[in-house]
Structures are given as structure tokens and as C-alpha cells.
Amino acid sequence: MPSKTGTSSAPPLSRRALNRATLDRQLLLRRSDALSPVEAVGHLLGLQAQNVKPPYFALWSRLAGFRPEALSELMEARDVVRIVTLRSTIHTHTADDALTLRPLVQAARDRELNTFRKGLAGVDTERLGAIVRTLVEGRPYTMKELRDVLLKEWPDADPFALSVAARCVLPLVQVTPRGMWGRSGQVALTTVEHWLGRAAGPVPEPDETVLRYLCAFGPASVKDMQTWAGLTRLGAVFERLRPRLAVFRDENGVELFDLPDAARPAEDTPAPPRFLPEFDNLLLSHADRSRVVPAEHKGRSWTGNQAHRTLLVDGFLAGIWQVEEHKGGEALLTVQAFGALGKGVRAAVAEEGARLLADMTSATSYDVRFGEFVAPG
């Protein structure tokens, strides 16, 4: 796997240059007024969707004039779906990507399944998959309903391991209204093929996905993409693509790949404040997150297993935030900055926060405050 070897002649990229390039690919230097919501979901190769609201806030920070109803409409039309793909987590993907990215990362699902082998002793996973497919293609099932059926077949198995096996063996999507803005219900599952009315293709070669990853997250190392995808042994793919790629090195000498014609803005390009949801892929899709997360703030966007919504200032993690909506049409956005904000920056953050409350809540009156808060959970 190429890393620090053979990079002495590769031009260097500073951390700020990497930051600006990544923000540009992520539509965070300026909101796009050219991409539709479904095009943006495709460009970003999916949106983290472990919770219901993050995909909506992710698109709001990236698209000009975004309405949350627009993503709900795509879900209802089955143009986008919620499915376990990258890093064993729920993502909102376009229909086409759900049918191709899931097979591409199936090897990671197989590894995940292997970690639960003790709780699955005596379980025939091929038979389990056939049982689950028959059930969920008859009607959507909740995970509890599936567990109850599977425990009758394998009463000595671990119930949670059976749940994991179902989602690893089969590409299960969460059917609507789960995930829709203001209408979310409990999780109910069916297969992606049944929901979309078409079969998944064969496992694709990873080359095209590497190029798409670089388009959305580059410049990046082999380890960066492996972190994003939850896959291993991608070094050979990058080597195969090397003649088509530009090669750089970061401040530590690590080899970075990129699309030759991709934008790499100057490191002094202004980066406006941005409010990102919890689990945003910007912060999770590189092995080295220092392009967005300063060393002094590493780990501060988490409390235990609780991920916080994050604030970017000058392109870097600078705080966390939360919204409280109260009866009577009032909403409060509290910004907890990790350090002092200059007067001008504070005003810009407050202005962006006011836009968020106006666009993403039903409040008729709202306020933006700076201070500490107690995170939920």
C-alpha cells in the first residue's frame, strides 16, 4: 500500500490547503445552486443517517434554497433509501447507489457477521437469509418481529446476533415513513430489491467508486478511503488508477491521490461558518481527520457514544450546537464554542444560526445564544 514511499517528488499540500479542497468537494465553501437534492446525495456518495434529521441538516448546509420536504419527497418516491452500507451504519443513498455500493461493501458486512459467530453457533446464515427475505418481501417487518421468528428457529442463538445477521446477509432498507421530515415512524424493513422493484447488479469493480470518493472527499490517501468505506486492501486499486490520478503529499509525507482536474482552492479562500449534523461524513471519512479537526479539539465532538452536532469556523471544527423547540412557536439554538470567537466571527455564526432556525424549524420566534449546554443522552 503506498503511503510515505516514493512521495519525495510529489508536490506538498498544507493542512489548510487540504481543508479548503475538501470543503469545496463537500459543497461547504459555498452552497450549490446547481445540484438538486438527489444529485447532491449522489455526489456525496450518501449521507449519514443513523438518526432521522442529519441528512436534512447536511443538505441544508450544502444546497442553496434547500427545503427538508424535498428530501422527504425523494424518499416517498423511492429515489433515495435508508440502508446499512458504509462502516456498518445507516446511510441515505440514491436508489442506484443502494444497489451498487451495498454489494461493493458486502465483504465488510461478512466480517461484521463473523464477529458475532459465537452468538450464531448452529445458525445456518444462508437459511436465515432465505427466511428473512420471504418474510420482509411479503410485508415490512420490524427488527423485533424478525427476532421473534428467528428465535423460534434457533432458540439458543443470541437475539442481537440474529438481528445483526439479518442486516448483514441481506440488503435491508428502512421503508417510509421512517426517515421522513416530521412523519418518521418506527423502523420497518424490506429488501432493497423489493422496495425498488429491480435487482442489484453484480459486485462492481471499485475503480469508479474510488474516483467518486476522490471527487467528494479528496485529495485522500488509500487509508482515507478504506476508513470511509470500511474496506481493506484498496492499495492495488489506487495503483491501477495511478496513471489517471494526480499525486501529492501531506505535511507528514503521506501520499495523497486526487483527480487531476479537481478544484484545489487556495488555502486562504474564505470558509463561512457551517452548522453540521451529528455523524456528518465530513468528520468521519478520512483516517487522518486533522484536515477538519484541529489536534486540540480531537474527540470534543463526542461525549461517550453520543455524537454532537458540530460547528465549523474558518473550515475547522470549532464548537458544538443544539436546537430546542418549545411550545408556543419558540426555538433556541445554543452554540458551545471551544474557544473565544472574534466579534465578526460571532456575528457570522449567529447570522447562519438564525437562517438555520428559520429554514429548519417551524418556530415563529427564535434566538441564537452562545454558552454551554447539557447534551441529551
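# Reading the sheets, turns and overall form

Author: One open sheet here has 5 strands in the order 1-3-2-4-5, and the pairing is antiparallel. Strand 1 (47–48) and strand 5 stand at its edges, each with a single partner strand, so one side of each lacks a neighbour in the sheet. Keep in mind that this is a predicted model.

Reader: How many bridges join strand 1 and strand 3?

Author: There are 2 bridges, and the pairing is antiparallel. For a residue to look at, take Gln48: His91 in strand 3 stands opposite.

Reader: Which helix lies across strand 2, strand 3 and strand 4?

Author: That is helix 5, residues 95–104. Helix 5 runs at about 120 degrees to strand 3.

Reader: Let me turn to confidence. What is the mean pLDDT of the protein?

Author: pLDDT is the predictor's confidence in each residue, from 0 to 100. The mean for this protein is 94. Of its residues, 97% reach 70 or more.

Reader: Where does pLDDT stay under 50?

Author: Look at residues 1–5. The model has 16 contacts for them beyond four places in sequence.

Reader: Now the other sheet. In what order do the strands of the mixed sheet stand?

Author: The order is 8-11-12-13-14, in an open sheet of 5 strands. Strand 8 (274–276) and strand 14 (365–370) are the edge strands; each has a single partner strand, so one side of each is left without a neighbour in the sheet. From one strand to the next, the twist averages 25 degrees.

Reader: Which pairs in this sheet are parallel, and which antiparallel?

Author: Follow the strands in turn. Strand 11 and strand 12 are antiparallel, with 5 bridges. Strand 12 and strand 13 are also joined in the antiparallel sense, by 8 bridges. Strand 13 (residues 330–337) and strand 14 run parallel, with 6 bridges.

Reader: Which residues can I use to find these pairings?

Author: Try one for each pair. Arg309 stands opposite Trp321 in strand 12. Glu325 has Ala331 in strand 13 as its bridge partner. Leu332 has Asp367 in strand 14.

Reader: What lies across this sheet?

Author: Helix 14, residues 343–360, lies across strand 8, strand 11 (309–313), strand 12 (316–326), strand 13 and strand 14. Its direction makes an angle of about 145 degrees with strand 14.

Reader: How should I read phi and the peptide bonds?

Author: Start from the usual case. Most residues other than glycine have a negative phi, and most peptide bonds are trans. Then look for exceptions.

Reader: Which residues have a positive phi in the hairpins?

Author: The hairpin of strand 11 and strand 12 has 2 residues between the strands, and there Asp314 takes a positive phi near 55 degrees. The hairpin of strand 12 and strand 13 has 3 residues between the strands. In that hairpin, Gly328 has a positive phi near 95 degrees.

Reader: What is the phi of Arg87, and of Ser88?

Author: Arg87 is not a glycine, yet its phi is positive, about 55 degrees. Ser88 has a positive phi near 60 degrees and is likewise a residue other than glycine. Arg87 sits in the loop between strand 2 (80–84) and strand 3 (90–94). Ser88 is found in the loop between strand 2 and strand 3.

Reader: Where are the cis peptide bonds before Pro177 and Pro219?

Author: One runs from Thr176 to Pro177, with omega near 15 degrees. Pro177 lies in the loop between strand 4 (172–174) and strand 5 (189–191). Another runs from Gly218 to Pro219, with omega near -5 degrees. Pro219 belongs to the loop between helix 11 (207–217) and helix 12 (222–229).

Reader: Is Glu126 buried or exposed?

Author: Exposed means over 50% relative accessible area. Glu126 has 67% relative accessibility, so it counts as exposed. Glu126 is in helix 7 (residues 125–136). Its C-alpha lies 50 Å from that of Asp314, and the two are 188 residues apart in sequence.

Reader: How does the radius of gyration agree with that of a compact globule?

Author: A compact globule of 377 residues would have a radius of gyration near 21 Å; the protein has 22 Å, which agrees. Its C-alpha atoms fill a box of roughly 65 × 65 × 35 Å along the principal axes.

Reader: What share of the residues is buried?

Author: Buried residues make up 54% of the 377. The protein exposes about 16,800 Å², and carbon and sulfur atoms supply 51% of that area.

Conventions:
Residues numbered from 1 in each chain as written. Predicted model: local features only at pLDDT ≥ 70, side-chain atom pairs only at ≥ 80, totals over all residues. Heavy atoms only, no water. Pairing = 2+ DSSP bridges. Helix = DSSP H or I, 4+ residues; strand = E, 2+ residues; numbered from the N terminus. Axes fitted to C-alpha atoms, helices over the stretch in contact; angles between N-to-C directions. Contact = heavy atoms within 4.5 Å. Buried < 20%, exposed > 50% of the residue type's maximum accessible area, 1.4 Å probe, protein only. Rg over C-alpha atoms; globule rule 2.2 N^0.38 Å. Areas by Shrake-Rupley, 256 points an atom, 1.4 Å probe, with all protein chains shown as cover.
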